[in-house]
Amino acid sequence: MKGRAFGHGRTYQAGGDLTVHEAAVFAPVGQVAAPPGTVNLPGPVGLFVGRADELAAVEAALETGGEVVVAAVHGLGGVGKSMLAAYYARARAGTCNPVWWITADSPTAVQAGLAALTGVLEPELATALPLEALADRAAGWLAAHEGWLLVLDDVADPADVAPLLGRTLTGRVLVTSRLGQGWHHLGARVLRLDVLEEVEAVDLLTRIAACGGQPTDMDGALELVGELGCLPLAVDQAGAYLGQTRLSPRAYLGLLRRQPAVMYDRTARGSDAERTIARLWRLTLDRLAGTPLAGHVLRILAWYGAEPIPRTLLDGLDAEPSEVQHALGELAAYNMITLDREHITVHRLVQAVARTPDPDDPHRRPADIDTARSQAADLLNDALPATHSDPADWPAWRTLLPHITALAEHTSPGADTTATARLLNQAGLFLNNQGAISRAIDYFERACVTYERVLGGDHPDTLMSRNNLASAYESAGDVGRAIPLYEATLADCERVLGGEHPDTLTSRNNLAYAYKSAGDLGRAIPLYERALADSERILGPDHPRTKAVRDHLAALE
Ligand SMILES: Nc1ncnc2c1ncn2[C@@H]1O[C@H](COP(=O)(O)OP(=O)(O)OP(=O)(O)O)[C@@H](O)[C@H]1O
Ligand SMILES: [Mg+2]
């Protein structure tokens with residue numbers, strides 16, 4: 001009978017001259033029982049923290065009864081999706097059988113994982129049937145049985161598992177994926193996994209650091225997990241590094257700030273060198289290759305703060321608005337950003353990596369990162385409120401300020417451009433107005449240095465920023481620094497702009513006010529008289545500034 005097929009008429013070539021006789025080996029899948037304890041989970045779960053609510057949510061999603069139940073856990077790479085799935089699956093090993101784990105990052109991998117299940121359920125078929133048939137048989141088995149749990153880990157595209165889920169299944173399927181879109185078509189309940197709580201992250205860091213068995217100085221643990229944005233993968237790697245090097249979290253933080261490119265690409269011995277923070281999201285960005293604007297937008301957003309970024313900030317981008325929205329949608333679908341109607345939020349480590357140049361990474365070419373930084377500054381400049389003193393503009397200032405601060409912090413002052421200087425100067429005016437004078441002074445000082453370096457000491461913008469700095473010194477009560485700077489600036493204004501230029505008048509008026517604040521009426525009064533005469537002549541006697549000068553002078557006499 002060799003070479004003949006019965007039943008459904010299928011014959012499989014199993015290699016060499018051997019042809020499998022289907023009727024002889026194909027018991028109906030419904031009659032094939034799973035051996036007790038058919039479990040293939042990837043290693044022990046190890047240290048596991050938090051996630052009580054998330055486990056309850058997975059449980060609730062998979063316990064609703066009915067036919068097949070699918071839960072899809074999605075989230076940023078490294079947030080702990082696989083870990084959660086493994087923990088849940090291990091807990092179900094006593095009540096579900098089989099508990100079968102498939103690394104499902106491609107259609108081929110799904111097929112291989114299913115074939116391996118047949119290999120366990122019907123070992124006699126493993127060498128007799130080709131992979132495709134083994135996989136098909138496993139899918140048939142799952143359709144015919146209840147009480148199993150299948151984990152499809154790291155699915156790249158719902159379409160890769162749709163054919164499997166489309167068969168009438170009667171068990172539970174837990175999917176993990178970086179992609180958050182497209183699952184509802186498959187009838188899945190969708191759960192988004194977020195980063196750990198701060199206390200859980202500190203707990204994880206501390207316990208991993210202590211794994212070496214020696215007591216560890218945990219000074220700075222809270223700051224470190226904050227800098228890592230409580231991303232489990234990053235916390236785990238930092239903890240292992242601390243355990244190996246015996247450094248404190250504060251010392252590690254220092255290294256991280258000094259050499260981000262090196263530290264983000266470093267793992268402790270025994271960790272997966274391919275799963276460093278620097279490499280973690282490269283695959284996701286590769287998948288977004290069809291939308292090049294997505295990478296560009298992410299590099300721009302990387303220069304802002306981890307606080308919500310107004311979506312309107314991107315209105316100034318030189319791209320079709322529909323393309324920009326599409327790029328944002330794609331980034332959000334892969335959990336690289338989160339979107340609500342008005343804001344974009346980016347995880348701080350995604351930002352840190354995206355602005356760390358690496359010539360070997362097509363998504364982080366140094367030139368692209370520089371371009372993105374200058375666009376980030378331009379977009380902020382375009383969005384600045386019209387005034388710093390009108391309370392109606394203050395909410396907008398408060399939204400933009402963290403992003404101006406972040407851009408300044410992440411840029412070395414030597415790389416500041418006039419766009420950065422303008423941002424700092426304008427933010428300084430707002431901060432000065434709000435009474436945050438020492439921050440205002442820092443910003444004005446940095447803006448002055450840049451204007452001088454780029455535009456030269458005589459440029460009107462340089463003179464204006466020196467005037468602002470002097471006035472912030474004065475607000476701080478530091479007339480000792482304010483007066484010489486005002487005097488020098490007034491002299492430069494007269495020389496460069498002329499004695500009657502409005503900026504010169506402002507400068508003279510400011511200096512007169514500073515003399516008055518210092519109690520030096522002998523110098524304040526003549527200067528005010530000069531300022532009043534100039535204002536009356538140039539601006540007119542009824543101009544508000546002329547009136548202000550007149551009032552100041554009257555108060556002195
Ligand atoms: N609840 C947790 N308790 C302890 N450690 C955790 C936890 N969650 C995640 N981790 C740590 O973070 C690492 C990354 O988690 P995991 O591999 O589950 O991320 P993922 O979201 O599946 O990432 P990817 O998208 O790359 O597959 C784990 O190897 C583990 O070290
Ligand atoms: Mg995973």
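Helices (H or I, at least four residues) and strands (E, at least two) are DSSP runs, numbered from the N terminus. The model is predicted, so local features need pLDDT of at least 70, side-chain atom pairs count only at pLDDT 80 or more, and totals for chains, interfaces and linings use all residues. Residues are numbered from 1 along each chain as its sequence is written, chains are lettered from A and ligands numbered from 1 in the order in which they are written, and side-chain values use heavy atoms, with hydrogens and water left out.

**Exercise 1. Place Cys230 and Arg51, and state whether each is buried or exposed.**

Step 1. Cys230 sits in the loop that runs between helix H9 (221-227) and helix H10 (232-245).

Step 2. Its relative accessible area is 8%, so Cys230 is buried. Buried means under 20% relative accessible area, exposed over 50%, and partly exposed in between (1.4 Å probe, protein chains only).

Step 3. Cys230 has a phi near 55 degrees, which is a positive value in a residue other than glycine.

Step 4. Arg51 belongs to the loop between helix H1 (22-25) and helix H2 (52-62). Arg51 is not a glycine, yet its phi is positive, at about 70 degrees.

Step 5. Arg51 counts as buried because its relative accessibility is 5%.

**Exercise 2. Find the form of the peptide bond from Asn97 to Pro98.**

Step 1. Pro98 is in the loop between helix H3 (81-91) and strand E4 (99-103).

Step 2. With omega near -5 degrees, the bond from Asn97 to Pro98 is cis.

**Exercise 3. Describe the overall form of the chain.**

Step 1. Count the elements: there are 26 helices and 10 strands in the chain.

Step 2. The chain is more spread out than a compact globule, because its radius of gyration is 33 Å, well over the 24 Å that the globule rule gives for 557 residues. This radius is taken over C-alpha atoms, and the globule rule is 2.2 Å times the number of residues to the power 0.38.

Step 3. Along the principal axes, the C-alpha atoms fill a box of roughly 120 × 55 × 40 Å.

Step 4. The chain is divided into domain 1 (12-192), domain 2 (198-279), domain 3 (281-383) and domain 4 (389-557). These bounds come from an automatic or database domain assignment.

Step 5. The centres of domain 1 and domain 4, taken over C-alpha atoms, are separated by 68 Å.

**Exercise 4. Summarise the burial and contacts of the chain.**

Step 1. Of the 557 residues in the chain, 47% are buried.

Step 2. Among contacts with a separation of 6 or more, 67% join residues 24 or more positions apart. Contact means heavy atoms within 4.5 Å.

**Exercise 5. Describe the surroundings of Leu298.**

Step 1. Leu298 is part of helix H15 (residues 292-301).

Step 2. The relative accessible area of Leu298 is 4%, so this residue is buried.

Step 3. Not counting residues up to four places away in sequence, Leu298 touches Leu285, Leu331, Met336, Ile337, Val346, Val350 and Ala354.

Step 4. Take Val346 from that list. Leu298 and Val346 are 48 residues apart in sequence, and their C-alpha atoms are 8.5 Å apart in space.

**Exercise 6. Describe Ser465 and Arg275 in turn.**

Step 1. Ser465 lies within helix H22 (residues 460-475). Ser465 is buried because its relative accessible area is 0%.

Step 2. Apart from residues up to four places away in sequence, Ser465 touches Asn425, Ala447, Cys448 and Tyr451.

Step 3. From Ser465 to Val39 the distance is 69 Å, C-alpha to C-alpha, with their positions 426 residues apart in sequence.

Step 4. Arg275 is located in the loop between helix H12 (260-263) and helix H13 (277-280). Its relative accessibility is 35%, so Arg275 counts as partly exposed.

Step 5. Arg275 is in contact with Arg178, Leu233, Gln237 and Leu280, leaving aside neighbours within four places in sequence.

Step 6. Arg275 and Ala470 are 195 residues apart along the chain, and 51 Å separates their C-alpha atoms.
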